[in-house]
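Colleague: I am new to this structure. Please take a close look at a single part for me, one of its loops, and then set that part in the wider picture.

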Amino acid sequence: LVPELSLTPQTLERFEARFPGQVVALHSGLTPAQQWDTWWRVLRGEVDVVIGSRGAVFAPLANLGLIVVDEEHEWTYKQQDSNPRYHARDVALKLGELTGCTVVMGSATPDLVTAHRAETGRHVKLLLPDRIDASGVPLPLARVSVVDMRDELRQGNRGVFSIQLKAALAET
């Protein structure tokens, strides 16, 4: 699952390179006829991989083995516009529970509920300590500083940004 329709083409391209002829996109950007055709191809077992936004979680894959929820923290996984209302991440987790398939939820900034479940052992937490470029070479992570804004306030900084952030912005 991808959080928004615009990410489908690049994800589709990556999976199609690895699983040629076995990948389809299933999302609301397709015409009703395309959705119908794709849904039936999946049901008949003609493809093994389905890429799409939140509704793709309901794809009729007969032998579900893995669900990946990319950027699981994104609000776009919540169907709020019309009935039935659902959260695709929660549906994926329930599907995983019911079918025994693995669910991978990826995020650099996980939802608080997901983070808490990982910290308390309800989810298995896996860390990726490096970024990987397209060729597979590890890249260093960006430098991060945590600034206690209470200290900033004691120093007389009444602004929203820390002194360190203002200096970095000025330098940039």
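Modeller: Pro84 sits in the loop between strand S4 (78-79) and strand S5 (86-87). This is a predicted model. The peptide bond joining Asn83 to Pro84 is cis. Its omega is about 0°.

Strand S4 also borders another loop, the one that runs from strand S3 (66-69). Glu71 lies there. Phi of Glu71 is positive, near 55°, and the residue is not a glycine. Is Glu71 buried or exposed? The answer falls in between: Glu71 has 28% relative accessibility, so it counts as partly exposed. Buried would mean under 20%, and exposed over 50%.

Now the wider picture. The protein has six helices and eight strands. Along the sequence they follow the pattern α-β-α-β-β-β-β-α-β-α-β-β-α-α. The radius of gyration is 20 Å, well over the 16 Å that the globule rule gives for 172 residues, so the protein is more spread out than a compact globule. The C-alpha trace spans about 65 × 40 × 35 Å along its principal axes. Buried residues make up 25% of the 172. The protein exposes about 12400 Å², and carbon and sulfur atoms supply 57% of that area. Of the contacts between residues at least 6 apart in sequence, 52% join residues at least 24 apart.

One pocket rounds this off. The second largest has a volume of about 390 Å³. It is lined by 17 residues. His27, Ser28, Ser53, Gly55 and Ala56 lie nearest its centre. By class, its lining has eight nonpolar, seven polar and two charged residues.

Note on methods
Residues are numbered from 1 along each chain as its sequence is written. This is a predicted model: local features need pLDDT of at least 70, side-chain atom pairs count only at pLDDT 80 or more; totals for chains, interfaces and linings use all residues. Side-chain values use heavy atoms; hydrogens and water are left out. On a 1 Å grid over the protein atoms alone, a cavity is a set of points where a 1.4 Å probe fits but cannot get out, and a pocket is an open set with protein on both sides within 12 Å along at least five of seven lines; lining residues have an atom within 4 Å of a point. Grid points are joined across faces, edges and corners, and a volume is the space filled by probe spheres set on the points. Ala, Val, Leu, Ile, Met, Phe, Trp, Tyr, Cys and Pro count as nonpolar, Asp, Glu, Lys and Arg as charged, and the others, Gly among them, as polar. Helices (H or I, at least four residues) and strands (E, at least two) are DSSP runs, numbered from the N terminus. Buried means under 20% relative accessible area, exposed over 50%, partly exposed in between (1.4 Å probe, protein chains only). The radius of gyration is taken over C-alpha atoms; the globule rule is 2.2 Å times the number of residues to the power 0.38. Contact means heavy atoms within 4.5 Å. Accessible areas come from the Shrake-Rupley method with a 1.4 Å probe; for residues, only the protein chains shown count as cover.
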